[in-house]
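Hi,

Here is the structure I promised to pass on. Have a look, and my notes follow underneath.

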Amino acid sequence: MTDSLRAETVRITGHGGDDIEAYLAQPLDEGHFGGVVVIHHMPGYDEGMKEITRRFAAHGYLAILPNLYSREAPGASPDDAAAIARALGGVPDERLVGDVQGAIRFLTSLGTSNGRFATIGYCSGGRQSFLAACSLPLQAAVDCYGAFVVGTPPPDSPVKIRPIVDMTKDLSCPLLGLFGADDKYPSPEHVVELEEALKRAGKTYEFHSYQGAGHGFFSPERPGYRPEAAKEGWQRIWGFFGRYLVASDA
Amino acid sequence: MCTYQTEKLEVSGSGKGPEGWFPLSSATVYFDHPSHYLAEHSLNIDFLNLDDGVQSRVAVELDPVSARGLAQAILETLQTVEQLFG
(Lines give C-alpha, C1' and ligand atoms only; values in the text may rest on other atoms or scores of the structure.)
Protein backbone atom coordinates (compact mmCIF):
# COMPACT_ATOMS: atom_id res chain seq x y z
CA MET A 1 0.00 0.00 0.00
CA THR A 2 0.99 3.61 -0.40
CA ASP A 3 -0.06 6.81 1.29
CA SER A 4 1.12 8.89 -1.64
CA LEU A 5 -1.29 9.02 -4.53
CA ARG A 6 -2.92 11.48 -6.88
CA ALA A 7 -6.51 11.45 -8.04
CA GLU A 8 -8.01 13.73 -10.67
CA THR A 9 -10.44 14.05 -13.54
CA VAL A 10 -8.91 13.39 -16.94
CA ARG A 11 -10.08 13.17 -20.54
CA ILE A 12 -9.58 9.97 -22.51
CA THR A 13 -10.41 8.77 -26.00
CA GLY A 14 -13.16 6.20 -25.82
CA HIS A 15 -15.23 4.22 -28.27
CA GLY A 16 -15.53 5.74 -31.70
CA GLY A 17 -12.76 8.23 -30.95
CA ASP A 18 -15.05 10.08 -28.56
CA ASP A 19 -13.50 12.37 -25.94
CA ILE A 20 -14.91 11.26 -22.58
CA GLU A 21 -14.37 12.05 -18.95
CA ALA A 22 -12.66 9.65 -16.56
CA TYR A 23 -11.41 9.64 -13.00
CA LEU A 24 -7.79 8.60 -12.60
CA ALA A 25 -6.07 7.57 -9.39
CA GLN A 26 -2.42 6.53 -9.33
CA PRO A 27 0.30 5.84 -6.79
CA LEU A 28 3.13 8.40 -6.76
CA ASP A 29 5.78 5.85 -5.81
CA GLU A 30 8.58 4.88 -8.19
CA GLY A 31 7.91 1.84 -10.32
CA HIS A 32 5.49 0.20 -12.71
CA PHE A 33 2.03 -0.86 -11.69
CA GLY A 34 -0.84 -3.05 -12.75
CA GLY A 35 -3.86 -1.22 -14.13
CA VAL A 36 -7.51 -1.52 -13.09
CA VAL A 37 -10.44 -0.20 -15.12
CA VAL A 38 -13.31 0.36 -12.72
CA ILE A 39 -16.73 0.07 -14.37
CA HIS A 40 -19.46 2.03 -12.60
CA HIS A 41 -22.92 0.70 -11.92
CA MET A 42 -26.12 2.02 -13.47
CA PRO A 43 -26.69 4.71 -10.80
CA GLY A 44 -23.59 6.28 -12.20
CA TYR A 45 -20.16 7.84 -11.96
CA ASP A 46 -20.61 8.83 -8.33
CA GLU A 47 -18.68 9.49 -5.14
CA GLY A 48 -18.79 5.86 -4.10
CA MET A 49 -17.22 4.69 -7.36
CA LYS A 50 -14.54 7.38 -7.13
CA GLU A 51 -13.69 6.24 -3.60
CA ILE A 52 -13.29 2.68 -4.89
CA THR A 53 -11.01 3.97 -7.64
CA ARG A 54 -8.80 5.75 -5.10
CA ARG A 55 -8.70 2.58 -3.02
CA PHE A 56 -7.06 0.71 -5.88
CA ALA A 57 -4.40 3.41 -6.17
CA ALA A 58 -3.76 3.23 -2.43
CA HIS A 59 -3.13 -0.48 -2.91
CA GLY A 60 -0.56 0.15 -5.64
CA TYR A 61 -2.53 0.06 -8.87
CA LEU A 62 -3.17 2.53 -11.65
CA ALA A 63 -6.93 2.89 -11.55
CA ILE A 64 -9.29 4.61 -13.94
CA LEU A 65 -13.06 5.03 -13.86
CA PRO A 66 -14.48 6.03 -17.27
CA ASN A 67 -17.65 8.09 -17.12
CA LEU A 68 -19.90 5.87 -19.23
CA TYR A 69 -22.49 8.67 -19.39
CA SER A 70 -20.07 11.34 -20.68
CA ARG A 71 -21.76 11.53 -24.03
CA GLU A 72 -25.34 11.75 -22.77
CA ALA A 73 -24.83 14.18 -19.89
CA PRO A 74 -21.43 15.85 -19.76
CA GLY A 75 -20.82 17.66 -16.49
CA ALA A 76 -24.09 16.51 -14.96
CA SER A 77 -24.54 15.24 -11.42
CA PRO A 78 -24.34 11.44 -11.30
CA ASP A 79 -28.04 10.85 -10.73
CA ASP A 80 -29.09 13.30 -13.46
CA ALA A 81 -26.63 11.70 -15.87
CA ALA A 82 -27.88 8.20 -15.04
CA ALA A 83 -31.49 9.29 -15.59
CA ILE A 84 -30.73 10.87 -18.96
CA ALA A 85 -28.66 7.89 -20.10
CA ARG A 86 -31.48 5.54 -19.08
CA ALA A 87 -34.03 7.62 -20.99
CA LEU A 88 -31.81 7.45 -24.07
CA GLY A 89 -31.45 3.67 -23.93
CA GLY A 90 -28.46 3.04 -21.69
CA VAL A 91 -24.91 2.03 -22.53
CA PRO A 92 -24.56 -0.24 -25.59
CA ASP A 93 -22.28 -3.22 -25.07
CA GLU A 94 -20.04 -2.31 -27.99
CA ARG A 95 -19.54 1.19 -26.66
CA LEU A 96 -18.66 -0.10 -23.21
CA VAL A 97 -15.93 -2.30 -24.66
CA GLY A 98 -14.54 0.61 -26.66
CA ASP A 99 -14.47 2.86 -23.61
CA VAL A 100 -12.65 0.21 -21.56
CA GLN A 101 -10.16 -0.21 -24.38
CA GLY A 102 -9.62 3.55 -24.43
CA ALA A 103 -9.09 3.56 -20.67
CA ILE A 104 -6.43 0.87 -21.01
CA ARG A 105 -4.70 2.87 -23.74
CA PHE A 106 -4.70 5.88 -21.45
CA LEU A 107 -3.15 3.94 -18.55
CA THR A 108 -0.50 2.63 -20.95
CA SER A 109 0.33 6.17 -22.00
CA LEU A 110 1.19 7.16 -18.43
CA GLY A 111 4.55 5.38 -18.69
CA THR A 112 4.11 3.69 -15.29
CA SER A 113 2.07 0.71 -16.44
CA ASN A 114 3.50 -2.79 -16.14
CA GLY A 115 1.40 -3.88 -19.10
CA ARG A 116 -1.09 -5.89 -16.99
CA PHE A 117 -4.72 -4.83 -16.85
CA ALA A 118 -7.94 -5.87 -15.18
CA THR A 119 -11.54 -4.79 -15.13
CA ILE A 120 -13.78 -4.73 -12.08
CA GLY A 121 -17.46 -3.89 -12.02
CA TYR A 122 -20.33 -3.91 -9.56
CA CYS A 123 -23.93 -4.82 -10.38
CA SER A 124 -24.50 -3.83 -14.02
CA GLY A 125 -20.76 -3.15 -14.05
CA GLY A 126 -20.15 -6.77 -13.10
CA ARG A 127 -21.79 -7.93 -16.29
CA GLN A 128 -19.82 -5.30 -18.20
CA SER A 129 -16.57 -6.44 -16.59
CA PHE A 130 -17.24 -9.96 -17.86
CA LEU A 131 -18.15 -8.53 -21.27
CA ALA A 132 -14.89 -6.55 -21.46
CA ALA A 133 -12.87 -9.59 -20.42
CA CYS A 134 -14.45 -11.61 -23.23
CA SER A 135 -13.79 -8.86 -25.75
CA LEU A 136 -10.31 -7.58 -24.85
CA PRO A 137 -6.98 -9.16 -23.88
CA LEU A 138 -6.86 -8.71 -20.09
CA GLN A 139 -4.90 -10.34 -17.28
CA ALA A 140 -7.78 -10.44 -14.75
CA ALA A 141 -11.44 -9.56 -14.37
CA VAL A 142 -13.75 -9.26 -11.37
CA ASP A 143 -17.52 -9.64 -11.53
CA CYS A 144 -19.24 -8.35 -8.39
CA TYR A 145 -22.82 -9.63 -8.47
CA GLY A 146 -23.40 -8.84 -12.12
CA ALA A 147 -26.92 -9.72 -13.25
CA PHE A 148 -27.67 -11.12 -16.70
CA VAL A 149 -24.31 -12.62 -17.46
CA VAL A 150 -26.51 -15.72 -17.50
CA GLY A 151 -30.26 -16.11 -17.36
CA THR A 152 -32.73 -15.41 -20.08
CA PRO A 153 -35.47 -12.84 -19.42
CA PRO A 154 -38.99 -14.21 -20.03
CA PRO A 155 -40.25 -13.73 -23.60
CA ASP A 156 -42.67 -11.00 -22.55
CA SER A 157 -40.19 -9.23 -20.27
CA PRO A 158 -39.38 -5.62 -21.05
CA VAL A 159 -35.81 -6.21 -19.88
CA LYS A 160 -33.67 -5.17 -22.77
CA ILE A 161 -30.33 -6.68 -21.83
CA ARG A 162 -28.66 -9.63 -23.48
CA PRO A 163 -27.18 -12.42 -21.37
CA ILE A 164 -23.61 -12.99 -22.47
CA VAL A 165 -22.72 -16.45 -21.13
CA ASP A 166 -22.24 -17.51 -24.77
CA MET A 167 -19.12 -15.34 -24.77
CA THR A 168 -17.46 -17.45 -22.06
CA LYS A 169 -15.31 -19.28 -24.62
CA ASP A 170 -13.67 -15.92 -25.40
CA LEU A 171 -12.82 -15.02 -21.81
CA SER A 172 -9.23 -13.80 -22.01
CA CYS A 173 -8.21 -14.03 -18.37
CA PRO A 174 -8.93 -15.51 -14.94
CA LEU A 175 -12.25 -14.40 -13.48
CA LEU A 176 -13.04 -13.61 -9.84
CA GLY A 177 -16.74 -13.70 -9.04
CA LEU A 178 -18.13 -12.32 -5.78
CA PHE A 179 -21.80 -12.95 -5.08
CA GLY A 180 -24.40 -12.71 -2.35
CA ALA A 181 -26.10 -16.00 -1.55
CA ASP A 182 -29.38 -14.14 -0.94
CA ASP A 183 -29.24 -12.29 -4.27
CA LYS A 184 -31.96 -13.00 -6.84
CA TYR A 185 -30.15 -11.51 -9.82
CA PRO A 186 -27.79 -13.23 -10.01
CA SER A 187 -29.26 -16.05 -7.96
CA PRO A 188 -27.19 -18.98 -6.67
CA GLU A 189 -28.58 -20.94 -9.62
CA HIS A 190 -27.30 -18.29 -12.03
CA VAL A 191 -23.89 -18.45 -10.37
CA VAL A 192 -23.82 -22.23 -10.80
CA GLU A 193 -24.79 -21.84 -14.45
CA LEU A 194 -21.89 -19.42 -15.04
CA GLU A 195 -19.52 -21.69 -13.17
CA GLU A 196 -20.50 -24.64 -15.33
CA ALA A 197 -19.95 -22.58 -18.47
CA LEU A 198 -16.49 -21.64 -17.25
CA LYS A 199 -15.64 -25.27 -16.52
CA ARG A 200 -16.83 -26.40 -19.94
CA ALA A 201 -14.69 -23.74 -21.56
CA GLY A 202 -11.66 -24.67 -19.47
CA LYS A 203 -11.34 -21.19 -17.97
CA THR A 204 -9.59 -20.19 -14.75
CA TYR A 205 -11.98 -18.78 -12.19
CA GLU A 206 -12.49 -18.25 -8.48
CA PHE A 207 -16.00 -17.78 -7.08
CA HIS A 208 -17.14 -16.79 -3.58
CA SER A 209 -20.74 -16.54 -2.41
CA TYR A 210 -21.44 -14.92 0.92
CA GLN A 211 -24.17 -16.15 3.24
CA GLY A 212 -26.39 -13.43 4.64
CA ALA A 213 -25.47 -11.09 1.81
CA GLY A 214 -27.63 -10.09 -1.13
CA HIS A 215 -27.15 -7.68 -3.95
CA GLY A 216 -24.92 -4.65 -3.51
CA PHE A 217 -23.14 -5.85 -0.39
CA PHE A 218 -20.00 -3.81 -1.15
CA SER A 219 -21.81 -0.46 -0.98
CA PRO A 220 -21.58 1.22 2.46
CA GLU A 221 -24.28 3.75 1.58
CA ARG A 222 -26.88 1.13 0.63
CA PRO A 223 -29.16 -0.96 2.89
CA GLY A 224 -27.64 -4.09 1.37
CA TYR A 225 -24.18 -3.32 2.76
CA ARG A 226 -22.72 -6.29 4.60
CA PRO A 227 -19.45 -5.34 6.26
CA GLU A 228 -18.22 -8.89 6.80
CA ALA A 229 -18.85 -9.90 3.18
CA ALA A 230 -17.36 -6.65 1.90
CA LYS A 231 -14.24 -7.02 4.03
CA GLU A 232 -13.73 -10.61 2.92
CA GLY A 233 -14.50 -9.69 -0.67
CA TRP A 234 -11.87 -6.97 -0.71
CA GLN A 235 -9.30 -9.44 0.64
CA ARG A 236 -10.18 -11.78 -2.25
CA ILE A 237 -9.73 -8.91 -4.72
CA TRP A 238 -6.29 -8.02 -3.36
CA GLY A 239 -5.19 -11.65 -3.46
CA PHE A 240 -6.50 -12.08 -7.01
CA PHE A 241 -4.92 -8.90 -8.35
CA GLY A 242 -1.71 -9.71 -6.48
CA ARG A 243 -1.47 -12.95 -8.44
CA TYR A 244 -2.38 -11.61 -11.87
CA LEU A 245 -1.59 -7.91 -12.02
CA VAL A 246 1.72 -7.66 -10.24
CA ALA A 247 4.74 -8.35 -12.45
CA SER A 248 6.99 -11.13 -11.24
CA ASP A 249 9.95 -8.81 -10.90
CA ALA A 250 8.03 -6.23 -8.91
CA MET B 1 -29.90 -5.82 -9.27
CA CYS B 2 -29.96 -3.04 -11.82
CA THR B 3 -33.27 -3.88 -13.44
CA TYR B 4 -32.78 -2.24 -16.84
CA GLN B 5 -36.58 -2.07 -17.06
CA THR B 6 -37.74 1.38 -18.10
CA GLU B 7 -41.18 2.54 -19.19
CA LYS B 8 -40.85 5.65 -21.27
CA LEU B 9 -43.71 7.85 -22.45
CA GLU B 10 -44.30 11.23 -24.01
CA VAL B 11 -45.99 13.69 -21.69
CA SER B 12 -47.26 17.21 -21.98
CA GLY B 13 -47.14 19.67 -19.11
CA SER B 14 -44.66 21.56 -16.96
CA GLY B 15 -42.25 20.61 -14.24
CA LYS B 16 -40.25 22.59 -11.76
CA GLY B 17 -36.58 21.67 -11.59
CA PRO B 18 -33.54 23.19 -9.90
CA GLU B 19 -33.61 26.15 -12.32
CA GLY B 20 -37.34 26.77 -12.31
CA TRP B 21 -40.27 25.73 -14.48
CA PHE B 22 -39.72 24.03 -17.80
CA PRO B 23 -41.94 22.31 -20.39
CA LEU B 24 -42.04 18.52 -20.10
CA SER B 25 -41.53 16.28 -23.11
CA SER B 26 -41.22 12.81 -21.62
CA ALA B 27 -41.30 10.73 -18.47
CA THR B 28 -39.52 7.53 -17.50
CA VAL B 29 -40.83 5.12 -14.90
CA TYR B 30 -38.61 2.37 -13.54
CA PHE B 31 -38.11 0.15 -10.53
CA ASP B 32 -34.42 0.22 -9.78
CA HIS B 33 -31.73 1.36 -7.36
CA PRO B 34 -32.54 4.80 -5.94
CA SER B 35 -30.02 7.61 -5.72
CA HIS B 36 -31.29 9.11 -2.45
CA TYR B 37 -34.11 7.06 -0.91
CA LEU B 38 -32.67 4.45 1.40
CA ALA B 39 -33.81 1.20 -0.18
CA GLU B 40 -32.38 -1.38 -2.52
CA HIS B 41 -35.01 -0.57 -5.13
CA SER B 42 -37.68 2.06 -5.49
CA LEU B 43 -40.27 3.16 -8.00
CA ASN B 44 -38.52 6.03 -9.73
CA ILE B 45 -40.08 8.65 -11.97
CA ASP B 46 -38.15 11.17 -14.02
CA PHE B 47 -40.03 14.01 -15.68
CA LEU B 48 -37.75 15.28 -18.45
CA ASN B 49 -37.22 17.55 -21.37
CA LEU B 50 -34.40 15.86 -23.23
CA ASP B 51 -34.02 18.78 -25.64
CA ASP B 52 -33.41 21.18 -22.78
CA GLY B 53 -30.52 19.46 -21.07
CA VAL B 54 -29.88 17.59 -17.86
CA GLN B 55 -31.05 20.43 -15.60
CA SER B 56 -34.60 19.88 -16.90
CA ARG B 57 -35.46 16.96 -14.70
CA VAL B 58 -37.88 16.45 -11.85
CA ALA B 59 -37.14 13.19 -10.04
CA VAL B 60 -38.96 11.22 -7.37
CA GLU B 61 -38.11 7.91 -5.71
CA LEU B 62 -40.97 6.10 -3.95
CA ASP B 63 -41.40 2.87 -2.05
CA PRO B 64 -43.73 0.53 -3.93
CA VAL B 65 -46.68 1.02 -1.54
CA SER B 66 -46.44 4.79 -1.91
CA ALA B 67 -46.14 4.43 -5.68
CA ARG B 68 -49.33 2.38 -5.87
CA GLY B 69 -51.07 4.90 -3.62
CA LEU B 70 -49.95 7.72 -5.86
CA ALA B 71 -51.10 5.90 -9.00
CA GLN B 72 -54.50 5.28 -7.42
CA ALA B 73 -54.78 8.90 -6.28
CA ILE B 74 -54.01 10.10 -9.81
CA LEU B 75 -56.67 7.86 -11.32
CA GLU B 76 -59.29 8.79 -8.71
CA THR B 77 -58.61 12.49 -9.18
CA LEU B 78 -58.98 12.22 -12.94
CA GLN B 79 -62.18 10.20 -12.56
CA THR B 80 -63.64 12.80 -10.23
CA VAL B 81 -62.68 15.61 -12.62
CA GLU B 82 -64.28 13.78 -15.52
CA GLN B 83 -67.48 13.40 -13.52
CA LEU B 84 -67.51 17.10 -12.65
CA PHE B 85 -66.56 18.54 -15.97
CA GLY B 86 -67.50 15.79 -18.42
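First, a term: two strands count as paired if DSSP finds at least two bridges between them. Helices (H or I, at least four residues) and strands (E, at least two) are DSSP runs, numbered from the N terminus. Mind that this is a predicted model, with local features needing pLDDT of at least 70 and side-chain atom pairs counting only at pLDDT 80 or more, while totals for chains, interfaces and linings use all residues. Residues are numbered from 1 along each chain as its sequence is written, and chains are lettered from A and ligands numbered from 1 in the order in which they are written.

Now the sheet. In chain A, β3 (residues 33-39) and β5 (residues 113-122) run parallel and are joined by six bridges; A:V38 sits opposite A:I120 of β5(A) there. Both strands belong to an open, eight-stranded sheet with mixed pairing, ordered β1-β2-β4-β3-β5-β6-β7-β8 (chain A). Its edges are β1 (5-13) and β8 (205-210) of chain A, each pairing on one side only.

What about the core? Its largest nonpolar version (buried Ala, Val, Leu, Ile, Met, Phe, Trp, Tyr and Cys joined through C-beta atoms within 7 Å; buried means 20 or more other C-beta atoms within 10 Å, with C-beta atoms placed from the backbone) has 78 residues, and A:V38, A:I64, A:A118 and A:A141 touch the most other members. The top contributor is α3(A), with six residues. Leaving out residues up to four places away in sequence, A:I64 touches A:V38, A:A103, A:F106 and A:L107, among others (contact: backbone-placed C-beta atoms within 7 Å).

Cheers

Definitions and conventions
A residue is buried if 20 or more other C-beta atoms lie within 10 Å of its own, exposed if 12 or fewer, and partly exposed in between; C-beta atoms are placed from the backbone. Two residues are in contact if their C-beta atoms, placed from the backbone, lie within 7 Å.
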